[in-house]
Amino acid sequence: MKAHAIATVGVALALVLAVTACRSDDEGGPANGETSGVETTSSSAPAPPSASSLPEDAATLLWQGVNDEDYTSWDAAPGFTARRPAAGPHGDEVMVFVNDAVADRLRKQDAGGLPADSVLVKDVYTNGSLDAIAIMQKTDDLRWYWAEYDTDGTIIAEGLEIALCADCHSEGKDFVRSFDVP
Ligand code: HEC
């Protein structure tokens with residue numbers, strides 16, 4: 001059932017991608033120079049949106065995708081054996097999970113930033129309770145899409161390369177703050 005939902009999203013995005021395949025691709029990713037990052041054939045949703053034609057409901061699709069996959073069963077980010085004190089602006093403790101695309105890259109230690117379809121999820125806790133979920137997802141053309149939610153999925157902020165998130169995250173390699181990207 002979850003696979004079905006994910007496949008449906010994948011098909012919708014595949015159509016979008018097909019239509020936009022001949023766009024002029026001038027933006028590039030955040031300076032990691034990788035061009036072979038399109039790995040959209042796997043069924044490990046959420047499928048990366050096309051940055052040039054983000055669906056209007058990209059944040060909703062992303063929320064559904066990570067929850068359908070039960071992101072809390074994903075690999076913990078390096079250094080996160082458990083929640084740890086927040087270094088960022090929100091909450092007092094955080095836990096970070098990474099999807100397979102990120103985990104694979106970390107295992108291989110390939111240089112060049114994180115691949116398309118990378119998804120990182122940060123659970124933010126305040127006084128011991130989960131109170132926000134922040135997500136970054138790399139699009140098929142290697143740009144970061146950002147979204148932050150209340151625990152019920154209400155969107156607090158979202159957008160492609162939005163300064164609200166990216167300015168502070170630009171301190172980290174490939175915009176990742178909680179661990180070292182190879
Ligand atoms: C003032 C700095 C700052 C801003 C603004 C910020 N973050 Fe972060 N973010 C951090 C830091 C520091 C971490 C490392 C984990 C921690 O201690 O919170 C982090 C971690 C994350 C992570 C886990 C992956 C990683 O990069 O380590 C995600 C996902 C994330 N933030 C999403 C967002 C989103 C979405 C926004 C905008 C709505 C945002 N962040 C705004 C500082 C910031």
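Let me start with the shell around the ligand, which by class holds 16 nonpolar, four polar and three charged residues. Please keep in mind throughout that this is a predicted model. Of the 23 residues around the ligand, the ones that come nearest are Ala 87, Gly 88, Cys 165, Cys 168 and Ser 178. If we ask which elements give two or more residues to that shell, they are the strands E3, at 93-98, E4, at 119-126, E5, at 129-138, and E6, at 144-149, together with helix H4, at 163-169. And which element provides the largest share of the shell? That is H4, with four residues.

Now let me step back to the protein as a whole, which has four helices and seven strands. Reading from the N terminus, the order of the elements is α-α-β-β-β-α-β-β-β-β-α. Among the contacts between residues at least 6 apart in sequence, 58% join residues that are at least 24 apart.

Let me turn next to the strand pairing, and to E3 in particular, since we have already met E3 in the shell around the ligand. Strand E1, residues 75-76, is joined to E3 by two bridges, and the two strands run antiparallel; here Ala 76 stands opposite Phe 97 of E3. Strand E2, residues 84-85, also pairs with E3 in the antiparallel sense, again over two bridges, and in that pairing Pro 85 has Glu 93 of E3 as its bridge partner. E3 is also joined to E4, by six bridges, and these strands too run antiparallel. Glu 93 appears once more at this point, with Tyr 125 as its bridge partner in E4.

That brings me to the interior. Of the 182 residues in the protein, 35% are buried. In soluble globular proteins, nonpolar side chains tend to be buried together. In this model, the largest nonpolar core has 30 residues, and those with the most contacts inside it are Leu 62, Leu 120, Val 121, Ile 135 and Ala 147. The elements that give two or more residues to this core are helix H2, at 58-68, strand E3, helix H3, at 100-108, and the strands E4, E5 and E6. Which of them gives the largest share of the core? It is H2, which supplies six residues.

To finish, let me put the two regions side by side: E3, E4, E5 and E6 each give two or more residues to the shell around the ligand, and these four strands each give two or more residues to the largest nonpolar core as well.

Technical notes: Residues are numbered from 1 along each chain as its sequence is written. This is a predicted model: local features need pLDDT of at least 70, side-chain atom pairs count only at pLDDT 80 or more; totals for chains, interfaces and linings use all residues. A residue is near a molecule or strand if its C-beta atom, placed from the backbone, lies within 6 Å of it. Ala, Val, Leu, Ile, Met, Phe, Trp, Tyr, Cys and Pro count as nonpolar, Asp, Glu, Lys and Arg as charged, and the others, Gly among them, as polar. A residue is buried if 20 or more other C-beta atoms lie within 10 Å of its own, exposed if 12 or fewer, and partly exposed in between; C-beta atoms are placed from the backbone. Two residues are in contact if their C-beta atoms, placed from the backbone, lie within 7 Å. Two strands pair if DSSP finds at least two bridges between them. A nonpolar core is a set of buried Ala, Val, Leu, Ile, Met, Phe, Trp, Tyr and Cys residues joined through C-beta atoms within 7 Å.
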